[in-house]
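The exercises below ask you to read a structure step by step, from single residues to pairs of helices. Keep the sequence and the model open beside you, and try each task before reading its solution.

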Amino acid sequence: MKRNDKVLKMAVTGLLVAMAVMLVALIHFPIFPAAPFLEYDPADIPIYVGTFLMGPVAGFVITLLVSLVQGLTVSAASGPIGILMHLLSTGSFALVAGAIYHHKKTRKNAILALVAGVVVMSLVMAGCNLVFTPIFMGTPREAVVAMLVPVILPFNLLKGGINAVITYIIYKPISRATSRLFGSVDDKKAADKA
């Protein structure tokens with residue numbers, strides 16, 4: 001990779017991290033009254049876009065950076081547990097969806113990547129809730145288990161699904177714009193077909 005390509009990827013990564021942190025600071029609200037601590041936010045959208053633009057490893061790095069910055073600033077109340085849960089859940093999305101999409105960049109594969117990423121992320125988040133929520137909130141594990149199917153899984157599927165749909169709608173225009181402005185930020189330099 002040429003020096004200019006590295007600088008470009010670093011600049012795009014920094015921009016996406018900043019956007020994610022701004023989005024979680026500005027937009028967050030509960031979806032299910034039964035669990036007001038589970039809030040929707042669109043902060044993963046820049047991570048999803050970065051994953052599609054630059055691949056699974058870059059998506060995971062963006063997730064790591066966002067998790068750290070959010071966890072030390074706007075989401076500081078969640079502490080190290082919040083950082084770890086976000087890294088594991090959204091990081092799993094980046095690795096799964098990024099690997100699928102970068103294997104073959106088509107509309108069909110984009111949809112498959114987003115769906116698979118959201119499902120894996122939701123399952124990972126369910127596991128994280130079982131392990132970490134009793135520690136973080138001082139809630140008995142049985143209470144978390146009771147909420148798993150009726151609240152936690154639907155919430156994560158809904159949140160991830162909304163962010164995936166928005167990503168699907170905005171990704172192609174963003175990809176075209178970045179290609180026109182900066183050239184490709186994709187390691188493979190492949191033309192997007194999605």
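**Exercise 1. A residue of helix H4**

Task: Decide whether Met-85 is buried or exposed, and find which residues Met-85 is in contact with.

Solution. In this predicted model, Met-85 has a relative accessible area of 9%. A residue counts as buried when that value is under 20%, and therefore Met-85 is buried. The next step is to place the residue, and Met-85 lies in helix H4. If the neighbours within four places in sequence are left aside, Met-85 is in contact with Met-125, Cys-128, Asn-129, Phe-132 and Thr-133. As a last step, take a distance along another direction: Met-85 and Ser-67 are 18 residues apart along the chain, and their C-alpha atoms are separated by 8.8 Å.

**Exercise 2. The pair H4 and H5**

Task: Work out at what angle the axes of H4 and H5 cross, and what this says about their directions.

Solution. The axes of these two helices, H4 and H5, come within 8 Å and cross at roughly 160 degrees. Angles over 145 degrees count as roughly antiparallel, and therefore H4 and H5 are roughly antiparallel to each other. The crossing of H4 and H5 is right-handed. Sorting the residues of this contact by class gives 23 nonpolar and 7 polar residues, with no charged ones.

**Exercise 3. An asparagine in helix H5**

Task: Find which backbone oxygens the side chain of Asn-109 reaches, and state whether Asn-109 is buried or exposed.

Solution. Begin with the position: Asn-109 is in helix H5, which covers residues 107-137. With a relative accessibility of 13%, Asn-109 counts as buried. Its side chain reaches the backbone oxygen of Ile-100 at 2.8 Å, and the side chain of Asn-109 also reaches the backbone oxygen of Lys-104 at 2.8 Å. When residues up to four places away in sequence are not counted, Asn-109 touches Ile-100, Tyr-101 and Lys-104. For a wider view, Asn-109 and Ile-47 are 62 residues apart along the chain, with 18 Å between their C-alpha atoms.

**Exercise 4. The pair H2 and H3**

Task: Describe how H2 and H3 cross, and name which residues make the contact.

Solution. Helix H2 covers residues 44-54 and helix H3 covers residues 56-72, and their axes come within 7 Å and cross at roughly 150 degrees. That angle makes H2 roughly antiparallel to H3. The crossing of H2 and H3 is right-handed. On the side of H2, the contact is made by Ile-47, Gly-50, Thr-51 and Met-54, while H3 contributes Pro-56, Ala-58, Gly-59, Ile-62, Thr-63 and Val-66. By class, the contact of H2 with H3 has 6 nonpolar and 4 polar residues, and no charged residues.

**Exercise 5. The pair H2 and H4**

Task: Find at what angle H2 and H4 pack, and then look for a polar atom pair that involves Thr-51 and His-102.

Solution. H2 and H4 pack at an angle of about 35 degrees, and their axes are 9 Å apart. The crossing of H2 and H4 is right-handed. In H2 the residues to look at are Asp-44, Ile-47, Tyr-48, Thr-51, Phe-52, Leu-53 and Met-54, which meet His-86, Thr-90, Phe-93, Ala-94, Ala-97, Gly-98, Tyr-101 and His-102 in H4. The residues of this contact divide into 9 nonpolar, 5 polar and 1 charged. Now turn to His-102, whose place is in helix H4, residues 79-103. His-102 is buried, with a relative accessible area of 8%, and a polar atom of the side chain of His-102 lies 3.5 Å from the backbone oxygen of Thr-51.

**Exercise 6. A residue of helix H6**

Task: Determine how accessible Asn-163 is, and which residues Asn-163 is in contact with.

Solution. Asn-163 is found in helix H6, which covers residues 141-182. At 0% relative accessibility, Asn-163 counts as buried. Leaving aside neighbours within four places in sequence, Asn-163 is in contact with Tyr-40, Asp-41, Pro-42, Asp-44, Ile-45 and Tyr-48. To finish, compare sequence with space: Asn-163 and Ala-25 are 138 residues apart in sequence and 16 Å apart in space, C-alpha to C-alpha.

Notes
Residues numbered from 1 in each chain as written. Predicted model: local features only at pLDDT ≥ 70, side-chain atom pairs only at ≥ 80, totals over all residues. Heavy atoms only, no water. Axes fitted to C-alpha atoms, helices over the stretch in contact; angles between N-to-C directions. Helix = DSSP H or I, 4+ residues; strand = E, 2+ residues; numbered from the N terminus. Parallel < 35°, antiparallel > 145°, perpendicular 65-115°, else oblique. Left-handed = near helix turned anticlockwise from the far one by under 90°. Contact = heavy atoms within 4.5 Å. Nonpolar A, V, L, I, M, F, W, Y, C, P; charged D, E, K, R; others polar. Buried < 20%, exposed > 50% of the residue type's maximum accessible area, 1.4 Å probe, protein only. Polar contact = N/O pair within 3.5 Å; in protein donor to acceptor, adjacent residues only side chain to side chain.
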